Protein chains: 2
Amino acid sequence: MSEFDMIQRYFYPLAQGHEAARGFQSDTAALQVPDGQQIVLTTDTLNEGVHFFKNTNPVIIAQKALRSNLSDIMAGGGDPLCYQLAVAFSSTPDSGWLSAFTAALKTDQDALDLFCSGGDTTSVQVGLSITITMIGLQPRGKGITRAGAQDGDAIIVTGALGEGYSAYQRGETIAPPRHHKDMAAVVRAYANAAVDISDGLLADIGHVAQASLMDAALDLGAIPISDCDPMQAIVGGDDYHIALSVPRDKTAQCLRALQKIGAHPAIIGHFVKGRGQISLLGDAGEELELPKKQGWQHF
Amino acid sequence: MSEFDMIQRYFYPLAQGHEAARGFQSDTAALQVPDGQQIVLTTDTLNEGVHFFKNTNPVIIAQKALRSNLSDIMAGGGDPLCYQLAVAFSSTPDSGWLSAFTAALKTDQDALDLFCSGGDTTSVQVGLSITITMIGLQPRGKGITRAGAQDGDAIIVTGALGEGYSAYQRGETIAPPRHHKDMAAVVRAYANAAVDISDGLLADIGHVAQASLMDAALDLGAIPISDCDPMQAIVGGDDYHIALSVPRDKTAQCLRALQKIGAHPAIIGHFVKGRGQISLLGDAGEELELPKKQGWQHF
């Protein structure tokens, strides 16, 4: 199987029907941006031996690669539009692997109404490396960042933690989230700040606290946990939910809006003016010791 | 040096002063797109042991990574705006390497008026891997592809071939191209089709011929060659020039426009209706045998 055959047979169907991808007949894609909209961009890389194992199911690799980008775009208040896919293989993958990998991308992108606009297929000495850059749209000036959390904001998560970590530990797949476009609209409508929690809840809430010059108080008992030890769930990552920082007078509306789109939100704590610290509170309001490893660091 | 220190100290200066990058304080960048403009996208990956050697000068790696994307954007008629940078290291790079790599990116981006909008820094088992997705702007509907070449079009290259190949063989660096924005405007104004020739002239002209259902006749003596064996220069790649397919009645204007922006263009052949074949003609018009290896294939 040549590089061009591989692209034509397995990757081109991810772009088919979308004029922007130009039939993969050019080195560039061309995207229309409606007047009054702006572009939201994010990039996530997954490497074999670091982000997944050598024999990880290609369906899981595809889902992790796409969803880690999707949750970033949604947390930024962007409606996902398309993605550039760079894949580097150390040997020509067999057709079974390619079929499973690309079918999983197709399932997610169809559920989420996005497409592959282009990319690059290369060879590499060892392992497998996947980099996706995803592009979303949002009304101009409506971008949400980590830096806007305000004193008194409630911290809302959009789903239960631990499912991702547990499923990946067992080598199982997870159904694609279904509420993406509406999710970005809810983020834009209610959040002062937002972050995806795919690196682990504590680490990612910590990023918002630091960027916003707030402290975060999290109520462990209020955090929705699924099928996992709570202390593992809050550091495990791989949950493609979002944490929103929402003004107190909008939390009720925000919770209803999230429920309406099929999410299972919960208020798990709040921000107060501070210096980026996190405290974790037990059932009696006592401060619990934080886990030592709060998220992944590459170096 | 932690991941966050590395990003703050070496990569953040590539974004500084550009609000779109949001101070690298969020997982997303937000780009303004002027009304009436569309986005042009491209992605190129470079892997150690495949696209460069383990001990290749980081300046050269940076230049190859950025310029391979730049030439794609320009060939598509796009004015380069910004790029997402994904870098995967197998060990923490030393500060000398990081300084040289990021300074080279900064030199090119300052000369070319673009910036780093974001990216991802990860670890990998072996080697070094760099993926850049570059974003450009162009007037809506003005995108140039490989597929538009017409019967009788002249084939124009925008500079001498062989410099890139020769310089990289010697481990030398090449000055950044200076005429990028005007280059995209010339491509949009005169070209029916265009392609960058970084994979090798013959391979890339072949792509245009196939996408446009044309045959290409190239006059070897007319191809500007610098410091290299001609047969090597036309397959070597690493020249970040562009090949344009230009209607006969516009070639004189196109050549003048290219000279005006500092390029050294030459007419090197023409397209005729056909099936994607290339012929290479000698001084007496005789057909020369094509080199066997006409461009890089990963698999």
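**Figure 1. Pairing of β6, β10 and β8 in chain B of the predicted model.** B:A154 stands opposite B:H270 in β10(B). The model shown here and in the following views is predicted. The pairing of β6(B) with β10(B) is antiparallel and comprises four bridges. β10(B) also pairs with strand β8 (residues 214-219) of chain B, in the antiparallel sense and over five bridges. Within that second pairing, B:L218 has B:G269 of β10(B) as its bridge partner. Helix α8 (residues 251-260) of chain B lies across β6 (154-157), β9 and β10 (266-273) of chain B. The helix runs at about 5° to β6(B).

**Figure 2. The seven-stranded sheet of chain B.** The strands follow the order β7-β9-β6-β10-β8-β11-β12 in an open sheet of chain B, and their pairing is mixed. At the edges stand β7 (193-196) and β12 (287-288) of chain B, each of which pairs on one side only. Edge strand β7(B) is joined to strand β9 (residues 242-246) of chain B by four bridges, in the antiparallel sense. B:A194 has B:L244 in β9(B) as its bridge partner. Strands of a sheet pair through backbone hydrogen bonds, either parallel or antiparallel.

**Figure 3. A five-stranded sheet with strands from chains A and B.** An open sheet is formed by five strands in the order β4(A)-β3(A)-β5(A)-β2(A)-β1(B), with mixed pairing. Since β4 (115-123) of chain A and β1 of chain B are the edge strands and each has a single partner strand, one side of each is left without a neighbour in the sheet. On average, and with direction ignored, neighbouring strands of this sheet are turned by 20° against each other. The connection between the chains in this sheet is made by strand β2 (residues 37-47) of chain A and β1(B), which run antiparallel and are joined by four bridges. In β1(B), B:L31 is the bridge partner of A:I39, and B:A30 is the bridge partner of A:V40.

**Figure 4. The contact between chain B and chain A.** On each side of this contact there are 60 residues: 60 of chain B meet 60 of chain A. The elements of chain B that give two or more residues to the side touching chain A are α1 (3-11), β1 (29-32), β2 (37-47), α2, β3 (79-89), β4 (115-123) and β5 (128-139). Of these, β2(B) gives the most, with nine residues. By class, the side of chain B that touches chain A consists of 19 nonpolar, 30 polar and eleven charged residues.

**Figure 5. The symmetry relating the two chains.** Chain B is superposed on chain A by a rotation of 180° with 0.0 Å of shift along the axis, at an RMSD of 0.0 Å. The two copies are therefore related as by a two-fold rotation axis. B:D35 has the C-alpha nearest the axis in chain B, at 2.5 Å from it. Both copies use the same surface, as 100% of the contact residues of chain B recur in chain A.

**Figure 6. Packing of helices α2 and α3 in chain B.** Helix α2 (residues 58-75) and helix α3 (residues 95-112) of chain B have axes that come within 8 Å and cross at roughly 35°. The crossing in which α2(B) passes α3(B) is right-handed. From α2(B), the contact is made by B:P58, B:V59, B:I61, B:A62, B:Q63, B:L66 and B:L70. From α3(B), the contributors are B:W97, B:A100, B:F101, B:A104, B:L105, B:D108 and B:L112. The residues of this contact comprise twelve nonpolar, one polar and one charged.

**Figure 7. The two domains of chain A and the contact between them.** Chain A is divided into domain 1, spanning 3-24 + 34-139, and domain 2, spanning 154-284. A distance of 25 Å separates the C-alpha centres of these two domains of chain A. In their contact, 21 residues of domain 1 of chain A meet 18 residues of domain 2 of chain A. On the side of domain 1 of chain A that touches domain 2, the elements giving two or more residues are α2 (58-75), β3 (79-89) and α3 (95-112) of chain A. The largest share of that side, ten residues, comes from α2(A). The residues of the domain 1 side divide into eight nonpolar, eight polar and five charged.

Technical notes
Residues are numbered from 1 along each chain as its sequence is written. Chains are lettered from A and ligands numbered from 1 in the order in which they are written. This is a predicted model: local features need pLDDT of at least 70, side-chain atom pairs count only at pLDDT 80 or more; totals for chains, interfaces and linings use all residues. Copies are superposed by least squares on the C-alpha atoms of residues with pLDDT of at least 70 in both. Two residues are in contact if their C-beta atoms, placed from the backbone, lie within 7 Å. Domain bounds come from an automatic or database domain assignment. Ala, Val, Leu, Ile, Met, Phe, Trp, Tyr, Cys and Pro count as nonpolar, Asp, Glu, Lys and Arg as charged, and the others, Gly among them, as polar. Axes are lines fitted to C-alpha atoms, for helices over the stretch in contact, and angles run from 0 to 180 degrees between N-to-C directions. A crossing is left-handed if the near helix is turned anticlockwise from the far one by less than a right angle, and right-handed if clockwise. Two strands pair if DSSP finds at least two bridges between them.
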